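Grab a pencil and let's work through a few short exercises together. Take a look at the model first, then try each task before reading its solution.

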Amino acid sequence: MFSDESRFSLQSDSRRTLIWRAPGTRYPHQENTIERHRYGGAGWLVWEAIILGFRTDLHVQSVTMTGHIYRDIVELHVDLFRGAMGAEFLFMDDNARPHLANIVDECLQSEVITRMDWPAYSPDLNPIEHVWDMLGR
């Protein structure tokens, strides 16, 4: 089962690229720049999980994801996961900081849910990323 969340901004995109430049370096040297994305203003955080031929309902919230909120979302959907996949299934999330909170680990262990090893900032191998792209993230 693949899960992920994405933030959707309610403000229009200025279509500008914001660049951070290290002190004492010159722009336009590519090696001296690091692109930064800013998602200021109002927005919604949307969480979804997909399983072979099945998906959960979208979980929409206007607050930042925390370990407590993430644990509550997982607990809310555990029975749904088991109904779709049976007693044992592999759970994938992307190692975001809230996902790695101790309370989330304890929840997964108590529910006997196996988490898939997934490197942080890995390429978008999670198929749910394509859903976010289609929705205009």
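**Exercise 1.** Work out in which pattern the helices and strands follow each other along the protein chain.

*Solution.* Start at the beginning of the sequence of this predicted model and read along: you get β-β-β-β-β-β-α-β-α-β-α. Now tally up the letters, and you have 3 helices and 8 strands.

**Exercise 2.** Decide whether glutamine 61 is buried, partly exposed or exposed.

*Solution.* First, find the residue: glutamine 61 sits in strand 6, which covers residues 59–61. Next, take its relative accessibility, 8%. The cut-off for buried is under 20%, so glutamine 61 counts as buried. Finally, check its neighbours. Leaving out residues up to four places away in sequence, glutamine 61 touches Trp44, Leu45, Ile69 and Ile73. Its side chain also makes a polar contact of 3.4 Å with the side chain of histidine 59.

**Exercise 3.** Do the same for tryptophan 44, and find the surface patch that it helps to make.

*Solution.* Tryptophan 44 belongs to strand 4, residues 43–51. Its relative accessible area is 37%. Buried needs under 20% and exposed needs over 50%, so tryptophan 44 is partly exposed. Together with Leu58 and Val60, Trp44 makes a nonpolar surface patch of about 270 Å².

**Exercise 4.** What share of the residues in the protein chain is buried?

*Solution.* Take the 137 residues of the protein chain: 31% of them are buried. For the surface, the accessible area comes to about 9500 Å², and 53% of that belongs to carbon and sulfur atoms.

Note on methods:
Residues numbered from 1 in each chain as written. Predicted model: local features only at pLDDT ≥ 70, side-chain atom pairs only at ≥ 80, totals over all residues. Heavy atoms only, no water. Helix = DSSP H or I, 4+ residues; strand = E, 2+ residues; numbered from the N terminus. Buried < 20%, exposed > 50% of the residue type's maximum accessible area, 1.4 Å probe, protein only. Areas by Shrake-Rupley, 256 points an atom, 1.4 Å probe, with all protein chains shown as cover. Patch = residues over 30% accessible without salt bridge, like charges linked within 9 Å, V, L, I, M, F, W, Y side chains within 5 Å. Salt bridge = Lys/Arg side-chain N within 4 Å of Asp/Glu carboxyl O. Polar contact = N/O pair within 3.5 Å; in protein donor to acceptor, adjacent residues only side chain to side chain. Contact = heavy atoms within 4.5 Å.
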